[in-house]
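I opened this notebook to record what I looked up in one structure. My topics are the strand pairing, the helices and the nonpolar cores.

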Amino acid sequence: MATNKQRDRVLIVDDDPEIRLMLREQVLSKDRFEVFEAKDGPDGLARIRTAAPDLIVLDLVMPGLSGSDFLVAIKSQGYTGPIIVATKRGNEAMAIDAFRLGATDYLTKPLREAEVLRAIEHGLAEVRLRRDRNNLTEKLQQSNGELQARLKELTTLSAIGKSLTTVFDAQQLFQQVLEAAIQMAEADHATLLLLDESTNRLILRTGKNLTLVMQERLGEPVTDELATLVMSSGQPLTVAGDNLQRFRVSADLLAVVYAPLNLKGKSIGVLTVGNHRKRRVFDEGILPVLGVLADYAAIGIANARLFNALEGRARAMERAYEELQARDRSRGKLIENVMALHNPLVTLLNDLKRITTTSSSALPPSLTKHLADLQKMVTALMQAVDEAKR
């Protein structure tokens with residue numbers, strides 16, 4: 001039985017207005033049928049083109065274009081639905097000819113309401129079955145398409161997840177996230193807003209397919225109420241049309257999606273996609289997909305930052321090690337020089353002492369003092385060399 005959402009469309013082609021009225025008012029209820037009327041054959045042909053009826057009730061005897069001629073004409077138009085012909089009792093031969101021309105059932109006049117309704121219900125049974133089958137096929141195709149789309153999204157997310165967690169170059173990471181967001185959301189452009197912890201402001205860090213106005217703002221702080229709202233809630237959001245203009249974003253944007261970059265219960269930024277060229281809004285189904293992508297991006301960004309910090313520390317340690325090696329080399333050279341100087345100095349001092357003890361002439365007091373100071377210095381230097389060796 002037809003529902004209110006999809007009533008069966010019935011066309012009555014009869015030159016008798018009383019028959020048309022009886023069928024419309026007493027047989028074909030408005031809650032189940034959508035009724036169209038034609039007063040003759042040419043009018044009926046025109047109605048078929050505009051109304052696309054599911055079933056036709058046709059009077060075989062009409063002035064001008066007869067019922068038989070009408071059957072020939074609608075066959076050429078490609079109509080394939082059921083046709084119930086009506087004729088006076090005794091004209092069964094005309095009904096037989098009508099069957100040869102495509103009629104599916106016949107009634108004899110005068111028409112009886114119950115008989116007419118039974119014939120119409122019988123004729124529409126196959127139509128409804130075919131319609132239900134087509135609707136089911138369409139729904140299955142739609143469901144299959146949606147499943148294919150979800151599978152593609154999951155496959156893409158899986159590949160991105162594996163990739164982002166192993167990419168430590170920030171620019172490469174950003175580009176992969178933006179390209180994936182545009183592809184999955186079928187968007188015009190995408191941006192990454194990252195939180196600057198020193199100023200607690202969002203920075204337009206990077207983007208893809210940006211407008212000229214947005215390109216000029218790269219690297220600058222931005223004031224975006226929607227981004228702040230999404231970061232506070234931790235949940236993705238899509239806004240379009242007049243609702244979008246309330247938040248004082250670009251007048252060119254028709255629709256946007258905001259997805260927070262959540263990491264350990266805190267948002268470190270926002271991934272956005274938008275449409276300014278494509279005049280279409282985003283389906284709510286994209287929210288969880290972009291939410292997962294944003295979470296992957298947050299993990300990737302954290303990994304990249306950690307990697308860069310560790311790399312910086314490693315380089316600092318390498319420089320310190322090189323400086324220590326340089327100092328060790330310098331200290332070793334100094335020790336070698338001191339050791340090379342030690343023996344000649346000791347020999348010189350001993351010779352001077354021997355000269356002063358064997359010679360009758362004493363050394364000048366100033367020279368004696370200098371020799372004594374030099375001996376102290378050599379002793380202190382040797383002590384320092386001994387400590388450096390330990």
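Entry 1, the sheet. I worked on a predicted model. I looked up the strand order and found an open sheet of five strands, β2-β1-β3-β4-β5, paired in parallel. The edge positions belong to β2 (33-38) and β5 (105-109); each has a single partner strand, so one side of each is left without a neighbour in the sheet. I noted an average turn of 20° between neighbouring strands, with direction ignored.

Entry 2, one strand pair. I then examined β1 (residues 8-13) and β3 (residues 55-59), which run parallel and are joined by four bridges. For V13, I found L58 as the bridge partner in β3.

Entry 3, helices on the sheet. Helix α1 (residues 17-27) packs on the sheet and touches β1, β2, β3 and β5. I recorded an angle of about 175° between the direction of α1 and that of β2. Helix α3 (residues 67-76) also packs on the sheet, where it touches β1, β3 and β4 (83-88). The direction of α3 makes about 150° with that of β3.

Entry 4, the cores. Which residues of the largest nonpolar core touch the most other members? Among its 30 residues, I found these to be L261, L271, V273, F282, I286 and L290. Two or more residues each come from α6 (170-185), β6 (189-196), β10 (255-263), β11 (266-275) and α10 (286-358). I listed the contacts of V273 beyond four places in sequence; they include A181, H189, V257, F282 and L290. Apart from this core lies another, of 20 residues, among them V13, L60, Y79 and V85.

Key:
Residues are numbered from 1 along each chain as its sequence is written. This is a predicted model: local features need pLDDT of at least 70, side-chain atom pairs count only at pLDDT 80 or more; totals for chains, interfaces and linings use all residues. Side-chain values use heavy atoms; hydrogens and water are left out. A nonpolar core is a set of buried Ala, Val, Leu, Ile, Met, Phe, Trp, Tyr and Cys residues joined through side-chain atoms within 4.5 Å. Buried means under 20% relative accessible area, exposed over 50%, partly exposed in between (1.4 Å probe, protein chains only). Contact means heavy atoms within 4.5 Å. Two strands pair if DSSP finds at least two bridges between them. Axes are lines fitted to C-alpha atoms, for helices over the stretch in contact, and angles run from 0 to 180 degrees between N-to-C directions.
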